[in-house]
Amino acid sequence: MGRWEPNARGRLERAALELYVEHGFEQTTVAKITERAGLTERTFFRHFADKREVLFAGSGAMRELCVDAVAAAPDSATPLDMVAAALDAASARWEERGETVRKRQTVIDANAELRERELIKLAALSTALADAMRQRGVAELTARLTAETGIVVLKVAFERWIGDPGQRSLPQLIKECLNALGTMTGSR
């Protein structure tokens with residue numbers, strides 16, 4: 001095995017996801033992941049804290065993408081418009097990686113510990129969205145409620161997208177959910 005090989009992180013992510021789908025998350029070891037990727041366990045732990053983190057490693061970048069979208073929203077944007085901009089940015093990224101995202105979700109859905117971790121990551125995203133809106137001058141209560149509502153919209157749209165691949169894009173489904181929310185509140 002060579003001392004350095006390109007794209008170690010990507011190779012580890014692909015190998016882990018393949019093994020999680022083939023054998024299940026619980027049955028897959030770090031040793032099996034590194035063997036499939038042609039790398040060492042030491043290399044694995046340079047990139048990931050544990051085998052769960054392979055599935056959640058992009059959370060920080062996604063959170064940053066969403067926060068940046070809130071910050072970049074026009075001055076005239078309502079809090080819901082700010083969250084919609086964040087969801088658009090996130091959904092475009094997931095849309096690009098469609099099949100990988102769907103496989104990842106299959107693995108998460110099959111494991112209670114991973115579902116719990118996913119909820120923790122979504123809660124962190126909600127907090128980050130609320131903080132970003134507060135920095136834009138949105139009142140605390142409004143920011144929190146809007147951020148939590150955005151996460152619900154994301155969850156519903158994402159589940160529909162995962163469950164019906166190829167029918168409608170994730171951005172379309174998010175827009176449908178936001179429109180339904182507007183209908184519920186009488187604002188759209």
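How far apart are the closest N and O atoms in the salt bridge that Arg36 forms with Glu22? They are 2.9 Å apart. The close-ups below start with this pair and then move around the structure, which is a predicted model.

**View 1. Salt bridges that share partners join Glu18, Glu22 and Arg36 into one network.** Let's start with the bridge from the opening question. Arg36 and Glu22 meet in a salt bridge, with their closest N and O atoms 2.9 Å apart. The pair links distant parts of the chain, since Arg36 belongs to helix α2 and Glu22 to helix α1, 14 residues apart. Arg36 also has a salt bridge with Glu18, at 3.1 Å from N to O. This second pair again links distant parts of the chain: Glu18 is in helix α1 and Arg36 in helix α2 (residues 30–37), with their positions 18 residues apart. How accessible are the members of the network? Glu18 is partly exposed, at 36% relative accessible area. Arg36 is partly exposed too, at 38%, and Glu22 counts as partly exposed at 47%. As a general point, side chains of opposite charge can pair when their charged atoms come close.

**View 2. Arg9 and Glu13 meet in a salt bridge within helix α1.** Here the N to O distance is 3.6 Å. Both residues lie in helix α1 (residues 8–23), and they are four residues apart, about one turn of the helix. Arg9 is partly exposed, with a relative accessible area of 32%. Glu13 also counts as partly exposed, because its relative accessibility of 28% falls between the 20% limit for buried and the 50% limit for exposed. For the wider picture, the structure has twelve salt bridges in total.

**View 3. Phe158 and Trp161 form a tilted aromatic pair.** The structure holds five aromatic pairs, and this view shows one of them. The ring centres of Phe158 and Trp161 are 5.8 Å apart, with 50 degrees between the planes. Both residues belong to helix α9 (residues 140–163), where they sit three residues apart, about one turn of the helix. Are these two residues buried or exposed? Phe158 and Trp161 are both buried. Look also for Arg102, which lies over the face of Trp161, 4.1 Å from the ring centre.

**View 4. The charged end of Lys51 sits over the ring of Phe25.** This is another meeting of a charge and a ring. The charged end of Lys51 is 4.4 Å from the centre of the Phe25 ring.

**View 5. Phe44, Phe45 and Phe48 form one aromatic cluster.** Keep an eye on Phe48, one of the members of this cluster. Phe48 is also among the residues that Glu53 touches, which brings us to the last view.

**View 6. Glu53 is a buried residue in helix α4.** The helix spans residues 53–56. Why does Glu53 count as buried? Its relative accessible area is 17%, so Glu53 falls under the 20% limit for buried residues. Leaving aside residues up to four places away in sequence, Glu53 touches Phe48, Arg117 and Lys121. For a sense of scale, the C-alpha atoms of Glu53 and Pro165 are separated by 25 Å, and these two residues are 112 residues apart along the chain.

Technical notes. Residues are numbered from 1 along each chain as its sequence is written. This is a predicted model: local features need pLDDT of at least 70, side-chain atom pairs count only at pLDDT 80 or more; totals for chains, interfaces and linings use all residues. Side-chain values use heavy atoms; hydrogens and water are left out. Rings of Phe, Tyr and Trp (its six-membered ring) pair if their centres lie within 6.5 Å; planes under 30 degrees apart count as stacked, over 60 as edge-to-face and the rest as tilted. Helices (H or I, at least four residues) and strands (E, at least two) are DSSP runs, numbered from the N terminus. Buried means under 20% relative accessible area, exposed over 50%, partly exposed in between (1.4 Å probe, protein chains only). A charge sits over a ring if NZ of Lys or CZ of Arg is within 6 Å of the ring centre and within 35 degrees of the ring normal. Contact means heavy atoms within 4.5 Å. A salt bridge is a side-chain nitrogen of Lys or Arg within 4 Å of a carboxyl oxygen of Asp or Glu.
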